[in-house]
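Me: I would like to go through the empty spaces and the packed regions of this protein one step at a time. Could you take my questions in turn and show the reasoning behind each answer?

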Amino acid sequence: IYMAVFSGRSELLHVGLFLAFLMPIAFLTTTASKDILRITWFDGVLAVTSFLLATAFVLNEPRYHNWMQSFDQLTSLEVAGGVALLVITLEMVRRTTGWPLLLIACAFLGYVAWGSYLPGAFSHGGVELRYFLEMQTITMDGLIGVPLYVAATYAFLFVLFGTFFQLAGGGQLFFDVAASTTGGFVGGPAKACVVSSALYGSVSGSPVADVATTGPITIPLMERYGVRKKDAAAIEAAASSGGALLPPVMGAVAFLMADMTGIPYREILVAGLLSAIIYYIGVFALVDFECRRRGVGALPREERVGLSMALRRGWPNLIPIIFLTYLLLHGFSPAYVAAGACLVTLITSWIAMRHAIGPHRLMEGCVETCYRMVPLAAAVAVAGIVIGCIEMTGLSSKAAALLYSLTGGLMVPSLLVSALVLIVLGMGMPTVAVYVMGAALLAPVLIGEFGLPLLGTHMFLLYFSCMSAITPPIAVACFTAASIANTNPFSVAPYASKLAVAGYVLPFFFIFNPGLLMEGGP
């Protein structure tokens, strides 16, 4: 609603309103520690403070919208408010995504503060506090930046669509279709898991959210018919980690890629289709080999319905997907498409009355969307802080010098080091944050120094950002799947990485064979 009302206003206002509503939700739904089960008075103080800070930003937006660097100056009160906003944002990311992302952000902030004392090439000229806060909180090169704007607009609407689609029975349709098409073959339960997780992941775009949604159905089903606990968890994690690679949605990462590269969203979807299919063929083939070796049979008839029955029972849920895909391919803006898909989903849910989304379930869907947006918003906010630190210290050029010194200026070793950096960054971090930081640090080097193609480079970064969710030792998707299967996550991650081996190989082919990204002639 606020996007419709303020559609003619600045991006700063959109982000300010988004923070004013979402930051209080973050502190009222997460405690300071997992050992604390209830919200305390301190959480309430943080919620109120964050709301007041974001509201003050919204009220002063006309002043910031016309801001002139070097002429306008922050007041002492604005300096104090900017510091408080950054500290509260860091606490929000600690609560919602954990310590890894917070420590990385603190390392970059420390570099801004004390990097001028470093010897050699990594020293910078120093950054004054007022200039730092001006860049972080007023311009679009920091906390109030492109990543958070994308989360506040496109990503929020697509997460809302995914929630409504699940409430309308879309997840059940995906499982029924998967079970009817693959369940009758060898390893039927595992293959149904791969297909259903791929279909749902293409809507959700989040490995962890995909595992948490489809895993409670697919993992017990696989265990019941002969798949070992750790194998079931690994299959679910590997299948879910490809969701952000598979059109038509691809999660928030695709929107960020479109904004950061200037490549139309439609072109990114077309480019991602063939490679995502190849990724899932790889997972599917390895699952088939393992199931044959271990003697896992087909899914019993009583566990699956025929394809015609599945479509007859769930055909209304195909309408929003067809509608969404049609509009995306015909050049409509992602925000328009997502809002329209939400509306179509609400309408079609009433065709099959058992999944009708009335006022009560509509409210449930909105609440669930806010829960899902909190960690995403925290991650992209801190990613924006990191990008601001990189910009104001010139760290990207220094990273290029370091990469050159490590690899001797050779392209393939530089790609290998870049892949390793993304996997290390992804230890415990959301896919979106990994991609944004990789795009800020690595993309300028790979494109500027080696002349690599823009789309191929960013797809390379996207793939390894997704693979970081299942790569040992800290693999967030595997940890989620292991908790559902009640098994050791450290035994799940190596097997999931084996199943997803195509995801580690394909990105290198993007660089040398643009045909995999649907570029060039047939």
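Me: Which element provides the largest share of the lining of the second largest cavity?
Reply: In this predicted model, the second largest cavity has a volume of about 80 Å³, and the residues that line it include Gln 166, Phe 174, Tyr 200 and Thr 213. The elements that give two or more residues to this lining are α9, α10 and α11. The largest share is four residues, and the element that provides it is α11.

Me: How many charged residues are there in the lining of that second largest cavity?
Reply: The lining includes Ser 196, Thr 214 and Thr 218, and also Phe 175 and Ile 217. Sorted by class, it has four nonpolar and six polar residues, while the number of charged residues is none.

Me: What distance separates the end C-alpha atoms of α10, and why is that the distance to expect?
Reply: The helix α10 has 17 residues, and because each residue should add 1.5 Å, with the count taken as one less than the number of residues, the expected span is 24 Å. The model agrees with this expectation, since the end C-alpha atoms of α10 are apart by 24 Å.

Me: Is α10 mostly covered or mostly open, and how many of its residues are buried?
Reply: A residue counts as buried when its relative accessible area is under 20%. By that cut-off α10 is mostly covered, and of its 17 residues the number buried is 14.

Me: Which element gives the most residues to the lining of the largest pocket?
Reply: The largest pocket holds about 1500 Å³ of space and is lined by 47 residues, with Thr 96, Thr 97, Val 208, Pro 375 and Pro 430 lying nearest its centre. Several elements give two or more residues to this lining, among them α5, α8, α10 and α18. The one that gives the most, with six residues, is α18.

Me: Which element gives the most residues to the largest nonpolar core?
Reply: In soluble globular proteins, nonpolar side chains tend to be buried together. Here the largest nonpolar core has 175 residues, of which Ile 235, Tyr 279 and Ile 470 touch the most other members. With 16 residues, the element that gives the most to this core is α18.

Me: What is the volume of the largest cavity?
Reply: The structure holds three cavities of 30 Å³ or more. The largest cavity is lined by 15 residues, and those closest to its centre are Arg 313, Gly 314, Asn 317, Arg 354 and His 355. Its lining divides into five nonpolar, seven polar and three charged residues, and the volume of this largest cavity is about 120 Å³.

Note on methods: Residues are numbered from 1 along each chain as its sequence is written. This is a predicted model: local features need pLDDT of at least 70, side-chain atom pairs count only at pLDDT 80 or more; totals for chains, interfaces and linings use all residues. Side-chain values use heavy atoms; hydrogens and water are left out. On a 1 Å grid over the protein atoms alone, a cavity is a set of points where a 1.4 Å probe fits but cannot get out, and a pocket is an open set with protein on both sides within 12 Å along at least five of seven lines; lining residues have an atom within 4 Å of a point. Grid points are joined across faces, edges and corners, and a volume is the space filled by probe spheres set on the points. Buried means under 20% relative accessible area, exposed over 50%, partly exposed in between (1.4 Å probe, protein chains only). A nonpolar core is a set of buried Ala, Val, Leu, Ile, Met, Phe, Trp, Tyr and Cys residues joined through side-chain atoms within 4.5 Å. Ala, Val, Leu, Ile, Met, Phe, Trp, Tyr, Cys and Pro count as nonpolar, Asp, Glu, Lys and Arg as charged, and the others, Gly among them, as polar.
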